[in-house]
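Reader: Hi! I've got a structure open and I'm not sure how to read it. Could you walk me through it?

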Amino acid sequence: MEKLINDFSLGLFFWQAIILLVIIFLLGKFAWKPIVNALEAREEGIADALAAAENAKRELTNLKADNEKLLAEARLERDAMLKEAREMKDKMIAEAKEEAQTAGAQMIAQAQASIQSEKNAAMADIKNQVSSLSIDIAEKLLKGQLADKQAQEQLVGSLLNDIKLN
């Protein structure tokens, strides 16, 4: 430090001070305004970017709310469609069961009617055969028993006693 104090030159200091003042003047005159303007422009750009980011954030929040609303509506719609589909399925199953029961009841009724008609036909056939056999047996018995007159009178008498008059 002593060397600096010993080598100090007043002329050199004077010229350096003048050069510094000229540089400050020139910088103030030509460079300071563009630098300040650039800083102000950058500040405005940052403020605009922050405002745009805030607007984008609000819009994003609104979009999220709208999306949630749309999703809720879509879920409600889906649930309604599923409920309607289930109701239609249950209705179709109930109708099919009802139709099957009706068809089954008709088939059972037809089968019972068919069985009854076949039973009646069989009974009529059996009655015809029994009556035919009875007549044949009675004819053979009567031929054998009615060979004499006294047996005929006895048979007629017993038949008349057996018959009850209404």
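Author: Happy to! Let's begin with a stretch that has a record attached. Over residues 36-102 the chain is 100% helix and 0% strand, and the C-alpha atoms at the two ends of that stretch lie 96 Å apart.

Reader: And what does the record call residues 36-102?

Author: An unreviewed UniProt entry gives residues 36-102 the feature "coiled-coil region". Keep in mind that the model you're looking at is a predicted one.

Reader: Okay, good to know. What confidence does the chain get on average?

Author: The mean pLDDT of the chain is 87, and 95% of the residues reach 70 or more.

Reader: Nice. Which helix has the lowest confidence, and which the highest?

Author: Helix α1, residues 2-6, is lowest with a mean of 72. Helix α2, covering residues 10-145, is highest at 91.

Reader: How many helices and strands are there in the chain?

Author: The chain has 3 helices and 0 strands, so reading along the sequence you get the pattern α-α-α. The radius of gyration is 64 Å, well over the 15 Å that the globule rule gives for 166 residues, so the chain is more spread out than a compact globule.

Reader: What does the C-alpha trace span, then?

Author: Along its principal axes, the C-alpha trace spans about 195 × 35 × 20 Å.

Reader: Wow. How much of the chain is buried?

Author: Buried residues make up 0% of the 166 residues. The accessible surface comes to about 15,600 Å², and 63% of that surface belongs to carbon and sulfur atoms.

Reader: Let me pick a residue: Ile-46. Where is it found?

Author: Ile-46 is found in helix α2.

Reader: Why does Ile-46 count as partly exposed?

Author: Its relative accessibility is 44%, and partly exposed lies between the cut-offs of under 20% for buried and over 50% for exposed.

Reader: And how far is Ile-46 from Asn-161?

Author: Their C-alpha atoms are separated by 138 Å, and the two residues are 115 apart along the chain.

Reader: Switching topic: which residues does the "transmembrane region" annotation cover?

Author: That UniProt annotation, from an unreviewed entry, covers residues 12-32. In the model this span is 100% helix and 0% strand, with its end C-alpha atoms 27 Å apart.

Reader: Last one! What about the charges?

Author: The chain has 21 positive and 26 negative charges, and the mean positions of the two sets are 2 Å apart.

Reader: Thanks, that helps a lot!

Key
Residues are numbered from 1 along each chain as its sequence is written. This is a predicted model: local features need pLDDT of at least 70, side-chain atom pairs count only at pLDDT 80 or more; totals for chains, interfaces and linings use all residues. Side-chain values use heavy atoms; hydrogens and water are left out. UniProt positions are given in the numbering used here, feature names are shortened, and annotations may be inferred rather than shown by experiment. Helices (H or I, at least four residues) and strands (E, at least two) are DSSP runs, numbered from the N terminus. pLDDT is the predictor's confidence in each residue, from 0 to 100. The radius of gyration is taken over C-alpha atoms; the globule rule is 2.2 Å times the number of residues to the power 0.38. Buried means under 20% relative accessible area, exposed over 50%, partly exposed in between (1.4 Å probe, protein chains only). Accessible areas come from the Shrake-Rupley method with a 1.4 Å probe; for residues, only the protein chains shown count as cover. Lys and Arg count as positive and Asp and Glu as negative; His and the chain ends are not counted. The place of a charge is taken as NZ of Lys, CZ of Arg, CG of Asp or CD of Glu.
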